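Work through the exercises below with the model open beside you. Try each task before you read its solution.

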Amino acid sequence: MLELKTQGLKGVKVLNLSGRFVAHTAPQVREWLLNAAQKAPARVIVDLGGVNFLDSQAIGTLVQGMKRCREQGGDLYVCGLQQPVRVIFELMRLDMAFKIFENVEEALDAFQHTESAVDA
Amino acid sequence: MSELVELTIPAKHRYTEVVRACLQAFLEQIPGMAETDTFHFLLFVVHEACTNVIQHAYDKGLKGATVTVKTAVDEQTGQLVIELRDGGHSFDPLLADWPPPSSWQKETHNHQIAYRLLSVPEPDPLWETSRGLYFMAQVFDEVLYLPEEGNNRWIMMKELDLVAASESGKTILWS
């Protein structure tokens with residue numbers, strides 16, 4: 001079971017996930033991400049704070065979404081990683097692929113700073 | 001050898017949750033185990049192994065397809081042994097697209113052909129697939145793939161640190 005909650009904050013689409021992010025629950029996330037990345041600039045935050053387990057299908061879904069966001073001039077940030085998720089990210093060196101933050105607020109700030117830098 | 005836990009599930013993704021829950025209950029008997037990174041790695045990798053079987057061995061679908069998972073720990077050596085068996089189609093690891101053939105060593109195991117997973121190059125973080133075998137090689141001390149007549153077996157072994165358990169006085173791990 002995976003619960004999805006979405007919100008828009010300061011031009012950023014935020015997806016809060018709770019539960020198990022695995023092969024048979026990943027398609028609903030993939031669909032949301034691909035839809036969110038349709039319009040440029042695609043800025044997305046995925047809050048994994050409520051995810052207690054994820055698998056490589058889930059990781060593949062996040063990677064796919066992140067690549068699509070970057071193609072659309074934005075990015076996909078992740079935040080709120082709990083230990084079961086954090087250790088997998090570390091083992092897979094996914095910090096090389098994703099920008100990872102403690103919480104949604106920090107991720108939002110990072111998007112704001114990126115936007116300011118581009119404007120300057 | 002500790003108690004043996006054997007579980008057979010339908011080869012469907014939704015049932016891998018049952019395997020994870022079972023392995024979690026098994027490992028949580030080891031004092032302190034649930035607080036370690038190894039605990040999370042093991043849950044993850046066994047889930048991945050089941051997912052791989054469902055996706056690849058049964059990729060064409062098969063009515064009544066199942067995956068059987070056996071788990072045990074040798075209390076003397078602290079070695080965790082997990083075996084997966086499925087009735088899907090076999091593959092030749094040396095001919096697979098990934099990982100490269102150098103990742104495998106072909107050998108004989110109890111008069112059977114076996115492929116030992118040695119090490120797997122680190123996948124590109126931007127790849128969307130092909131991480132399962134890398135994880136298996138990273139987490140387990142030994143991984144064997146045994147293609148047999150009508151089924152496949154994966155045997156994965158890892159030495160666990162049971163010293164903490166004996167020092168805590170909780171010597172009965174598997175009651």
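A residue counts as exposed when its relative accessible area is over 50%, as buried when that area is under 20%, and as partly exposed in between. Keep in mind that this model is predicted.

**Exercise 1. Classify His111(B) and Arg93(A) by their accessibility.**

Step 1. Locate His111(B). It sits in the loop between strand 4 and strand 5 (112–117) of chain B.

Step 2. Apply the cut-off. His111(B) has 82% relative accessibility, so it counts as exposed.

Step 3. Locate Arg93(A). This residue belongs to the loop between helix 3 (83–91) and strand 5 (99–101) of chain A.

Step 4. Apply the cut-off again. Arg93(A) has 44% relative accessibility and therefore counts as partly exposed.

Step 5. Check the backbone. His111(B) has a positive phi of about 65°, although it is not a glycine. For Arg93(A), phi is near 55°, again a positive value in a residue other than glycine.

**Exercise 2. Decide whether Ser103(B) is buried or exposed, and find what it touches.**

Step 1. Find the residue. Ser103(B) lies in the loop between strand 3 and strand 4 of chain B.

Step 2. Use its accessibility. The value is 1%, so Ser103(B) counts as buried.

Step 3. List its contacts, leaving out residues up to four places away in sequence. Ser103(B) touches Arg116(B), Leu117(B), Leu118(B), Ser119(B), Val120(B) and Pro121(B).

Step 4. Look for a polar partner. The side chain of Ser103(B) reaches the backbone oxygen of Ser119(B) at 3.0 Å.

**Exercise 3. Trace the open sheet of chain B and name its edge strands.**

Step 1. Write the strand order. The seven strands run 1-2-3-7-6-5-4, with antiparallel pairing.

Step 2. Pick the edges. Strand 1 (5–10) and strand 4 (104–109) of chain B each pair on one side only.

Step 3. Note the turn. Neighbouring strands of this sheet are turned by 20° against each other on average, direction ignored.

Step 4. Zoom in on one pair. Strand 2 (residues 66–74) and strand 3 (residues 79–86) of chain B are antiparallel and share eight bridges. Within strand 3 of chain B, Gln79(B) stands opposite Asp74(B).

**Exercise 4. Place helix 1 and helix 2 of chain B against the strands.**

Step 1. Take helix 1 (residues 16–27) of chain B. It lies across strand 1, strand 2 and strand 3 of chain B, and runs at about 165° to strand 1.

Step 2. Take helix 2 (residues 37–57) of chain B. It packs on the sheet and touches strand 2, strand 3 and strand 7 (151–159) of chain B. The direction of helix 2 of chain B makes about 15° with that of strand 3.

**Exercise 5. Describe how helix 1 and helix 2 of chain A meet.**

Step 1. Compare the axes. Helix 1 (residues 26–36) and helix 2 (residues 56–71) of chain A come within 9 Å and cross at roughly 5°.

Step 2. Name the arrangement. That angle makes helix 1 of chain A roughly parallel to helix 2 of chain A.

Step 3. Find the residues. Helix 1 of chain A brings Ala26(A), Val29(A), Arg30(A), Leu33(A) and Leu34(A). Among their partners in helix 2 of chain A are Thr61(A), Leu62(A) and Arg68(A).

Step 4. Sort by class. The contact has five nonpolar, four polar and two charged residues.

**Exercise 6. Locate the cis peptide bonds before Pro41(A) and Pro99(B).**

Step 1. In chain A, the bond from Ala40(A) to Pro41(A) is cis, with omega near -5°. Pro41(A) is in the loop between helix 1 and strand 3 (43–54) of chain A.

Step 2. In chain B, the bond from Trp98(B) to Pro99(B) is cis, with omega near -5°. Pro99(B) is in the loop between strand 3 and strand 4 of chain B.

Definitions and conventions. Residues are numbered from 1 along each chain as its sequence is written. Chains are lettered from A and ligands numbered from 1 in the order in which they are written. This is a predicted model: local features need pLDDT of at least 70, side-chain atom pairs count only at pLDDT 80 or more; totals for chains, interfaces and linings use all residues. Side-chain values use heavy atoms; hydrogens and water are left out. Two strands pair if DSSP finds at least two bridges between them. Helices (H or I, at least four residues) and strands (E, at least two) are DSSP runs, numbered from the N terminus. Axes are lines fitted to C-alpha atoms, for helices over the stretch in contact, and angles run from 0 to 180 degrees between N-to-C directions. Contact means heavy atoms within 4.5 Å. Angles under 35 degrees count as roughly parallel, over 145 as roughly antiparallel, 65 to 115 as roughly perpendicular and the rest as oblique. Ala, Val, Leu, Ile, Met, Phe, Trp, Tyr, Cys and Pro count as nonpolar, Asp, Glu, Lys and Arg as charged, and the others, Gly among them, as polar. Buried means under 20% relative accessible area, exposed over 50%, partly exposed in between (1.4 Å probe, protein chains only). A polar contact is a pair of N or O atoms within 3.5 Å; within protein, one must be able to donate a hydrogen and the other to accept it, and residues adjacent in sequence count only if both atoms are side-chain atoms.
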